[in-house]
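Reader: I should like to learn how a ligand site and a nonpolar core are read from a model. Might we go through one example together?

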Amino acid sequence: MKIVLLGRPGAGKGTQGKRISETFNVPLLVMREILEAEIERGGDLGERIRGYMLEGKLVPDEIIFEVLRRELSSRDSFILDGFPRTIRQAEWLDKVLSSDGGLTAALYLEVDEINVLRRIMGRLRCKWCGRYYNVFFDPPEDIRRCECGGPLYQREDDRYEVIKKRLDVFNEETAPIIEYYERQGKLVRVDANENDIDAVWRRVKEAVEALTSHQ
Ligand code: AMP
């Protein structure tokens with residue numbers, strides 16, 4: 001099973017991707033985490049990546065392809081969160097997978113823009129385990145600490161100015177690939193507007209089950 005997750009920033013790709021990965025036993029590749037690992041490693045490449053992320057801009061394709069190629073090689077199943085984000089990236093992925101059966105599906109988590117703003121601006125992340133909370137819909141017991149004990153923080157790119165930019169980038173660069181996968185007959189839409197993670201998960205799970213039963 002090879003699935004890409006599409007959706008606006010804050011659509012729940014991270015949360016739902018993790019559940020798909022655990023339930024269906026498929027490795028989850030999160031583009032942002034791959035980039036963050038590169039930043040952690042330090043060096044010029046990491047610094048350049050950090051600069052783009054802080055401005056809410058897309059990291060240039062050449063960098064993305066280089067780091068992702070390493071991750072994709074020798075995997076016969078995966079869920080990809082955060083990639084592709086442009087038509088060029090979608091075409092690159094098709095080429096990389098062409099000798100290997102191709103992509104199973106693109107799962108599109110549909111959420112309205114206004115809803116996404118509420119979600120992202122209330123979002124807190126655990127520094128240790130990566131879990132997300134939301135101060136409006138899913139508050140932690142202690143606003144400073146995760147269940148696991150790790151400190152909670154707001155992601156640098158979750159500030160309002162950055163979110164606006166990221167939403168623009170989605171509308172301009174990423175929205176066209178929804179049509180791209182629709183034309184290929186690979187698009188699966190899931191309504192992800194409800195702020196109840198479990199309710200959205202039931203729909204996502206059903207959609208993935210339908211995909212696995214077709215394989
Ligand atoms: P995300 O958490 O998936 O919204 O990603 C956070 C940031 O990482 C984005 O705003 C981009 O700067 C960068 N990024 C993640 N995935 C990609 C990608 N496929 N292409 C270019 N930049 C990316």
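**Ligand shell and nonpolar cores**

Author: In this predicted model, helix α2, spanning residues 31-40, supplies the largest share of the shell around the ligand, namely 3 residues.

Reader: Which residues come nearest to the ligand?

Author: The shell holds 15 residues, and R32, K57, G82, R85 and R166 come nearest. By class, the shell divides into 7 nonpolar, 2 polar and 6 charged residues.

Reader: How should one read polar contacts here, and which side chains place an N or O atom 2.7 Å, 2.8 Å or 3.0 Å from a ligand oxygen?

Author: A polar contact is a pair of N or O atoms within 3.5 Å. The side chain of R32 has such an atom 2.7 Å from an oxygen of the ligand. For R166 the distance to a ligand oxygen is 2.8 Å, and for R155 it is 3.0 Å. As for cover, the ligand taken alone exposes 480 Å², of which the protein buries 97%.

Reader: Turning to the cores, how many residues does the largest nonpolar core have, and which have the most contacts inside it?

Author: A nonpolar core joins buried residues through side-chain atoms within 4.5 Å. The largest one here has 31 residues, with L6, F83, L93 and Y181 making the most contacts inside it. Elements that each supply at least two of its residues include β1 (2-6), β3 (78-81) and α7 (160-183). The largest share, 6 residues, comes from α4.

Reader: What is L93 in contact with, beyond its neighbours within four places in sequence?

Author: L93 is in contact with V4, L72, L80, F83, P84, L103 and Y181. A second, separate core has 24 residues, among them I3, A11, L109 and L211.

Methods. Residues numbered from 1 in each chain as written. Predicted model: local features only at pLDDT ≥ 70, side-chain atom pairs only at ≥ 80, totals over all residues. Heavy atoms only, no water. Near = heavy atom within 4 Å. Polar contact = N/O pair within 3.5 Å; in protein donor to acceptor, adjacent residues only side chain to side chain. Areas by Shrake-Rupley, 256 points an atom, 1.4 Å probe, with all protein chains shown as cover. Helix = DSSP H or I, 4+ residues; strand = E, 2+ residues; numbered from the N terminus. Nonpolar A, V, L, I, M, F, W, Y, C, P; charged D, E, K, R; others polar. Buried < 20%, exposed > 50% of the residue type's maximum accessible area, 1.4 Å probe, protein only. Contact = heavy atoms within 4.5 Å.
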